[in-house]
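Colleague: Could you walk me through this model? I'd like to start with the empty spaces inside it and then move on to the packing.

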Amino acid sequence: MAKTMSKEDMTIKNSNDKVMNDSSIEEHLIVKDDIEEDDVDIAKLRTPIKVDLSAVYNFLGARTTQAWVDAAIANVPLIIQDHANCEKKAAGTAMNLIFRYEFSYDLQRKLAQLIREEMLHYEQVLGIMNDRGQAWKYLSAGRYAKGMLKHKRTYEPAAMVDVLIIGAFIEARSCERFAALAEVIDDERLAKYYRYLLKSESRHFEDYLALAQSLSEDSIDERVAFFKEVEAELISSPDHELRFHSGTPA
């Protein structure tokens, strides 16, 4: 017996058909173009000499404050722990999208690549923690992602568009903070690893934006501008918890 699709499933399927027919997404979506270079052992990774982050800086509405950098340098183990949590959450978000958009082969394949990349980074950070003799500790989530998600629209496909835009800001902020830490951290091995991450992280925000636009018949520029202000406020305002994506230390 054929299964009858719900109205929501039909909306999702129609959005996914649009993704599959949009050739521009094939050019800009998540692509792991140098997976053969990746290795769990970060000592074997090739670090790019320089990565152009101008697009990342222009996309974000505010730069990380010196106060956050100073606090992070004074609490490196906490930042490493939260970085591990962030990589795991990024893989989990992509996995949720895989189940949500299971009609699209191309999207499934690209999300699978992203999950593989994020989980590799998670494994690499675990290796760093092990090498440093740092035991795993529970660390609660900060306000950052929740502060953006509370503005997510509640109907599809608008809700998914917002989730992807939020993902773009999370990726861009991660990249900006890796760059900030790499400049000043007193651990050359860790600084090298953060510089290595810039290449992949610097393109992810554009991948998320391209996917968000593919799911919307209207321009997403207005929503991007809205979340740009929300994200900048979360980063610039006083924050009582130090996390990888936290605001200015209160």
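Modeller: Before we talk about what lines a cavity, let me fix the word: a cavity here is a set of grid points where a 1.4 Å probe fits but cannot get out, and a lining residue has an atom within 4 Å of such a point. Please also keep in mind that this is a predicted model.

Colleague: Okay, so which helix gives the most to the lining of the largest cavity?

Modeller: That is H5, which contributes three residues to the lining. H4 and H5 are the elements that give two or more residues to it.

Colleague: What residues line the largest cavity, and of what class are they?

Modeller: The lining consists of Ala-72, Ile-73, Val-76, Ile-79, Ile-80, Leu-181, Ile-185 and Tyr-194. By class that makes eight nonpolar residues, with no polar and no charged ones. The space in this cavity comes to about 30 Å³, and the count of cavities of 30 Å³ or more is one.

Colleague: And how much space lies in the largest pocket?

Modeller: The largest pocket holds about 580 Å³. Its lining has 26 residues, and Cys-86, Lys-89, Ala-90, Ala-145 and Ile-170 are the ones nearest its centre.

Colleague: Which helices supply at least two residues of that pocket lining, and how do the residues split by class?

Modeller: Helix H5 (76-100), helix H7 (144-149), helix H8 (158-184) and helix H9 (188-214) each supply at least two residues. The classes are mixed in this lining, with 12 nonpolar, six polar and eight charged residues.

Colleague: You mentioned Cys-86. Is it buried or exposed?

Modeller: Cys-86 has a relative accessibility of 18%, and the cut-off for buried is under 20%, so Cys-86 counts as buried. Cys-175 counts as buried too, because its relative accessibility is 0%.

Colleague: How many disulfides does a search of the whole structure find?

Modeller: The search of the whole structure finds zero disulfides. For background, a disulfide is a covalent bond between the sulfur atoms of two cysteines.

Colleague: Let's change topic. Which residues touch the most other members of the largest nonpolar core?

Modeller: Phe-59, Phe-169 and Tyr-194 do, in a core that has 62 residues. H8 provides the largest share of this core, with 13 residues. Tyr-194 also appears in the lining of the largest cavity.

Colleague: What is Phe-59 in contact with, leaving aside its neighbours within four places in sequence?

Modeller: Phe-59 is in contact with Ala-168, Phe-169, Ala-172, Phe-205, Leu-209, Val-224 and Lys-228. Across the protein, 81% of the contacts between residues at least 6 apart in sequence join residues at least 24 apart.

Colleague: How many helices and strands are there overall, and what share of the residues is buried?

Modeller: The secondary structure comes to 10 helices and two strands, and along the sequence the pattern reads α-α-α-α-α-α-α-α-α-α-β-β. Buried residues make up 49% of the 250 residues.

Colleague: One last thing: where is Pro-157 found, and is the peptide bond from Glu-156 to Pro-157 cis or trans?

Modeller: Pro-157 is found in the loop between H7 and H8, and the bond from Glu-156 to Pro-157 is cis, with omega near 5 degrees. Ala-159 is found in helix H8 and is buried, with a relative accessible area of 5%. Leaving aside neighbours within four places in sequence, Ala-159 is in contact with Lys-152, Arg-153 and Thr-154.

Methods:
Residues numbered from 1 in each chain as written. Predicted model: local features only at pLDDT ≥ 70, side-chain atom pairs only at ≥ 80, totals over all residues. Heavy atoms only, no water. 1 Å grid on protein atoms, 1.4 Å probe; cavity = no way out; pocket = protein on both sides within 12 Å on 5 of 7 lines; lining within 4 Å. Points joined across faces, edges and corners; volume = space filled by probe spheres on them. Helix = DSSP H or I, 4+ residues; strand = E, 2+ residues; numbered from the N terminus. Nonpolar A, V, L, I, M, F, W, Y, C, P; charged D, E, K, R; others polar. Disulfide = S-S within 2.5 Å. Buried < 20%, exposed > 50% of the residue type's maximum accessible area, 1.4 Å probe, protein only. Core = buried A, V, L, I, M, F, W, Y, C linked by side-chain atoms within 4.5 Å. Contact = heavy atoms within 4.5 Å.
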